[in-house]
Amino acid sequence: MKFAITSKGDDKSNKLMQRMKMYLQDFELTLDEERPDIVISVGGDGTLLYAFHRFKYRLDQTAFVGVHTGHLGFYADWTPDEIEKLVIAIAKTPYQVVEYPLLEVIVRYKHGGVPSKFLALNESTVKGVEGTLVMDIEIKGQQFETFRGDGLCVSTPSGSTAYNKALGGAIIHPSINAIQIAEMASINNRVFRTVGSPLILPDHHTCMMKPVNQNDFIITIDHLQVLQRDVKSIQYRVSDEKIRFARFRPFPFWKRVRDSFIAD
Ligand code: NAD
């Protein structure tokens, strides 16, 4: 079996990464940075987001596992003192794999040209470059509302505990194939009106955002930020691709939510 390891880059994570590399090679696993069967991320959720984007070209052949060197993460749930146990479990393949939904983002341009396609593990946000964001929102081909406000956040179920949660969005179990649209400070008065609640769309519904008076937007894809100019539309839907996580022990999603936000 071939593995790759990514580290957050701090001293603690780098040392742990080196130890894991050594142990895994002792178990006859091969380090392969191009075509790994398993990717181990050492650091935090941000490190796993980075690892996902680094290896997204082979999602159907790679499983991810996260070790945290700071606080418990949603994707990084193994502790540094468990790594011997984890290495033995990895070496003893086959392991169980769970799949989580991803978000597909397609940006089309007014000048035509090739649309840009992105894949997000947590979420994608849209904000104007200056002033209020004004967007016509279409759901499943029908005009739904004209949004005015700071921005919009479209998240995956596993990303629903991240930025989406801070915006008052619901936490969605990752076994539900859906995306969620949450508002950022919408303008609501006698003239302008938005629904005001987060919306959850199933996998056969598409959300299309069409600019009303601006052309340029700041779009985030997880931790990445891209300036998109001359935008005609931004299309969001549940991706056909999924991320695969290697599971070596049960750690139910709702326990993870409780341990992260309430008490452990
Ligand atoms: P970061 O290091 O500032 O991470 C922000 C925090 O989000 C970390 O504590 C991390 O553990 C947590 N996090 C990431 N994914 C999570 C998830 N799926 N569930 C629960 N917590 C999660 O920034 P980064 O490493 O560049 O990560 C980018 C992420 O930060 C974005 O995908 C976004 O979700 C999040 N973010 C959150 C807010 C907010 O809550 N107000 C604002 C901006 C970005």
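**Strand β9, pockets and cavities in a predicted model**

Strand β9 (residues 133-139) sits mostly under cover, with six of its seven residues buried. The structure described here is a predicted model. On one side of the pairing pattern, β9 runs antiparallel to strand β10 (residues 142-155), and seven bridges join the two. Within that ladder, Val-134 has Arg-148 of β10 as its bridge partner. The β9-β10 hairpin leaves two residues between its strands, and Lys-140 in this hairpin takes a positive phi near 50°. β9 also pairs with strand β13 (residues 207-211), again in the antiparallel sense, this time over five bridges. Here Asp-136 stands opposite Lys-210 of β13.

Lys-140 has company as far as backbone angles go. Most residues other than glycine have a negative phi, yet Asp-222, which is not a glycine, has a positive phi of about 55°. Asp-222 is placed in the loop between β14 (217-221) and β15 (224-228). With a relative accessible area of 8%, Asp-222 counts as buried, because the cut-off for that class is under 20%. Asp-230 is another non-glycine residue with a positive phi, of about 60°. The loop between β15 and β16 (231-247) holds Asp-230. Asp-230 comes out as partly exposed, its relative accessible area being 24%.

Cysteines come next. A search of the whole structure turns up zero disulfides. Cys-153 is in no disulfide, and the nearest cysteine sulfur to it, that of Cys-207, is 12 Å away. A pair counts as a disulfide when the sulfur atoms are within 2.5 Å, so a 12 Å separation rules this one out. Cys-153 is buried, with a relative accessible area of 0%. Cys-207 is likewise buried, with a relative accessible area of 0%.

Turning to open space, the largest pocket has a volume of about 180 Å³. It is lined by 14 residues, and Val-98, Tyr-100, Arg-247, Phe-251 and Pro-252 are the closest to its centre. Two elements, β6 (96-109) and α5 (253-261), give two or more residues each to this lining. The biggest contribution is that of β6, with four residues. By class, the lining of the largest pocket splits into seven nonpolar, three polar and four charged residues. Domain 1 (2-95 + 248-261) and domain 2 (102-240) each put at least three residues into the lining of the largest pocket.

The second largest pocket holds about 160 Å³ of space. Of its 13 lining residues, Asp-45, His-71, Leu-72, Gly-73 and Phe-74 lie nearest the centre. Helices α2 (45-54) and α5 each supply at least two residues of this lining. Its residues divide into five nonpolar, six polar and two charged. This second pocket lies between domain 1 (2-95 + 248-261) and domain 2 (102-240), because both give residues to its lining. Gly-73, one of the residues nearest the centre of the second largest pocket, is found in the loop between β4 (63-68) and β5 (76-78). Gly-73 is buried, with a relative accessible area of 2%. The C-alpha atoms of Gly-73 and Val-257 are separated by 9.9 Å, although the two residues are 184 residues apart along the chain.

As for enclosed space, the count comes to two cavities of 30 Å³ or more. The largest cavity has a volume of about 90 Å³. It has 15 lining residues, with Tyr-75, Asp-77, Ala-246, Arg-247 and Arg-256 closest to its centre. Arg-247 is thus among the residues closest to the centre of the largest pocket and also among those closest to the centre of the largest cavity. Strands β4, β5 and β16 each supply at least two residues of the lining of the largest cavity. That lining is made up of ten nonpolar residues, one polar and four charged.

The second largest cavity has a volume of about 50 Å³. It is lined by Ile-137, Glu-145, Leu-152, Ile-181, Ala-182, Glu-183, Val-195, Ser-197 and Leu-199. Strands β10 and β11 (178-186) are the elements that give two or more residues to it. The largest share, three residues, comes from β11. In class terms, the lining of the second largest cavity has six nonpolar, one polar and two charged residues.

Key
Residues are numbered from 1 along each chain as its sequence is written. This is a predicted model: local features need pLDDT of at least 70, side-chain atom pairs count only at pLDDT 80 or more; totals for chains, interfaces and linings use all residues. Side-chain values use heavy atoms; hydrogens and water are left out. On a 1 Å grid over the protein atoms alone, a cavity is a set of points where a 1.4 Å probe fits but cannot get out, and a pocket is an open set with protein on both sides within 12 Å along at least five of seven lines; lining residues have an atom within 4 Å of a point. Grid points are joined across faces, edges and corners, and a volume is the space filled by probe spheres set on the points. Ala, Val, Leu, Ile, Met, Phe, Trp, Tyr, Cys and Pro count as nonpolar, Asp, Glu, Lys and Arg as charged, and the others, Gly among them, as polar. Domain bounds come from an automatic or database domain assignment. Buried means under 20% relative accessible area, exposed over 50%, partly exposed in between (1.4 Å probe, protein chains only). Two strands pair if DSSP finds at least two bridges between them.
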